[in-house]
Amino acid sequence: MANQEVVFPPDMGATAAMAPGSSCRALFACTSLRSPYRVLPGVDDEYRARPPCATSWVVEAIRASSPARSPAVDEYAAWTRRHPSALGSFEEIAAAAEGKQVVVFMDYDGTLSPIVADPDMAFMTDEMRAAVRDVAKHFPAAIVTGRCVEKVYSFVGLSELYYAGSHGMDIKGPTSNEEDATAAAVLLQPAREFLPVIAEAYEALVEKTKGTPGARVENNKFCLSVHFRCVDEKRWSSLAEQVKTVLRDYPDLKLTEGRKVLEVRPCIMWDKGKAVEFLLQSLGFDGRSDVLPVYLGDDRTDEDAFKYYI
Ligand SMILES: O=P(O)(O)OC[C@H]1O[C@H](O[C@H]2O[C@H](CO)[C@@H](O)[C@H](O)[C@H]2O)[C@H](O)[C@@H](O)[C@@H]1O
């Protein structure tokens, strides 16, 4: 960092200049300050020579008094510059949607529902449900999730949506039967032949991980989730080892990672991006310049869908 020194107004002590709870020293607005300035020892002559209200040195001093940044923070800042907040750019998005058919894809966990310790308790709020219902009134809309369709339907409960469960490996259309998600027409199940092997691997994973406190295996029908959110961090690598050991017997399955979860899936070239592509094609929207697909997601697996748009 260039310069950590700070200029204080004459009657202000160094303790008053410390931001509470922060190791970085505060800078005070120059317009309200009177000369002469008390310059703390170590301040560059370059700073002393500048008139107190010259904005360039204020900016420099703000920079200099910023907390130390770690490479990870810098990397994140660079990432957010390349991927600005969609909410912050809402006007721009609305302008881009002008005259276009919008199609909305929504991830479930962490996007429509809060992340919670117990995967069976990840309920969405009634307010969120009403918002999703509203979206579906205006645009074709789909839930794209790692969960199995039946489970996510029990949370969302909206029969007017498309559902792409098991990371897009179980795609169902809207149904008029609100009580029964299985009544919805199956549009695609590209990993059907893997059902027996997934069921067997589920049993093996439950057995192998049962000695790890907090570990939990969730059966998502065409894929499996091994949760480690409630596992002591010291045991994470041994749990990962247990999962890899089981998978050695199942060469047709592969391992990916989500939010504190290891995902076991069939080795096929299929993901949320492919599901989005399939749905757009089925709706007759694929490749059309008058269609604007919008995808809301928070997890690594959603990046497969983001890649489809790029
Ligand atoms: O594609 P998604 O809808 O985001 O589903 C991905 C996984 O989400 C769930 O796990 C995550 O949410 C849980 C509840 O908040 C949390 O406990 C867990 O740590 C998260 O990874 C779901 O349980 C998995 O089956 C999904 O694959």
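Biologist: Why is Met121 called partly exposed?

Modeller: This is a predicted model, and in it Met121 has a relative accessible area of 46%. Buried means under 20% and exposed means over 50%, so Met121, at 46%, counts as partly exposed. Met121 sits in the loop between strand S3 (101–106) and helix H5 (126–138).

Biologist: What makes Met121 part of a nonpolar patch on the surface?

Modeller: Met121 joins Val116 and Phe123 there, and together the three have about 270 Å² of accessible area. A patch takes residues with over 30% relative accessible area; Met121 has 46%.

Biologist: How do you know that Asp118 forms a salt bridge with Arg216?

Modeller: Their closest N and O atoms are 2.9 Å apart. The cut-off is 4 Å, so the pair qualifies as a salt bridge. Asp118 is in the loop between S3 and H5 and Arg216 is in strand S8 (residues 216–219), so the bridge links distant parts of the chain, 98 residues apart. Asp118 and Arg216 also belong to a network of salt bridges with Asp120 and Lys151.

Biologist: Why does Asp118 count as partly exposed?

Modeller: Asp118 has 29% relative accessibility. Partly exposed lies between the 20% and 50% limits, so Asp118 fits. Arg216, also at 29%, counts as partly exposed by that rule.

Biologist: Why are Lys137 and Asp134 separated by about one helical turn?

Modeller: Because they are 3 residues apart in helix H5. Their side chains meet in a salt bridge at 3.7 Å, N to O, and the limit is 4 Å. Lys137 counts as exposed because its relative accessibility is 63%, and the cut-off is over 50%. Asp134, at 39%, counts as partly exposed.

Biologist: What makes Lys234 exposed?

Modeller: Its relative accessibility is 72%, and exposed means over 50%. Lys234 has a salt bridge with Asp232, with the closest N and O atoms 3.6 Å apart. Asp232, at 42%, counts as partly exposed.

Biologist: How do you know that Asp299 has no salt bridge?

Modeller: The nearest side chain of opposite charge, Arg259, is 5.4 Å away. A salt bridge needs 4 Å or less, so this pair does not qualify. Asp299 is buried and lies in the loop between strand S12 (291–296) and helix H10 (300–309). Leaving aside neighbours within four places in sequence, Asp299 is in contact with Gly258 and Arg259.

Biologist: How many salt bridges does a search of the whole structure find?

Modeller: The search finds 18.

Methods: Residues numbered from 1 in each chain as written. Predicted model: local features only at pLDDT ≥ 70, side-chain atom pairs only at ≥ 80, totals over all residues. Heavy atoms only, no water. Patch = residues over 30% accessible without salt bridge, like charges linked within 9 Å, V, L, I, M, F, W, Y side chains within 5 Å. Areas by Shrake-Rupley, 256 points an atom, 1.4 Å probe, with all protein chains shown as cover. Helix = DSSP H or I, 4+ residues; strand = E, 2+ residues; numbered from the N terminus. Buried < 20%, exposed > 50% of the residue type's maximum accessible area, 1.4 Å probe, protein only. Lys, Arg positive; Asp, Glu negative; His and termini not counted. Contact = heavy atoms within 4.5 Å.
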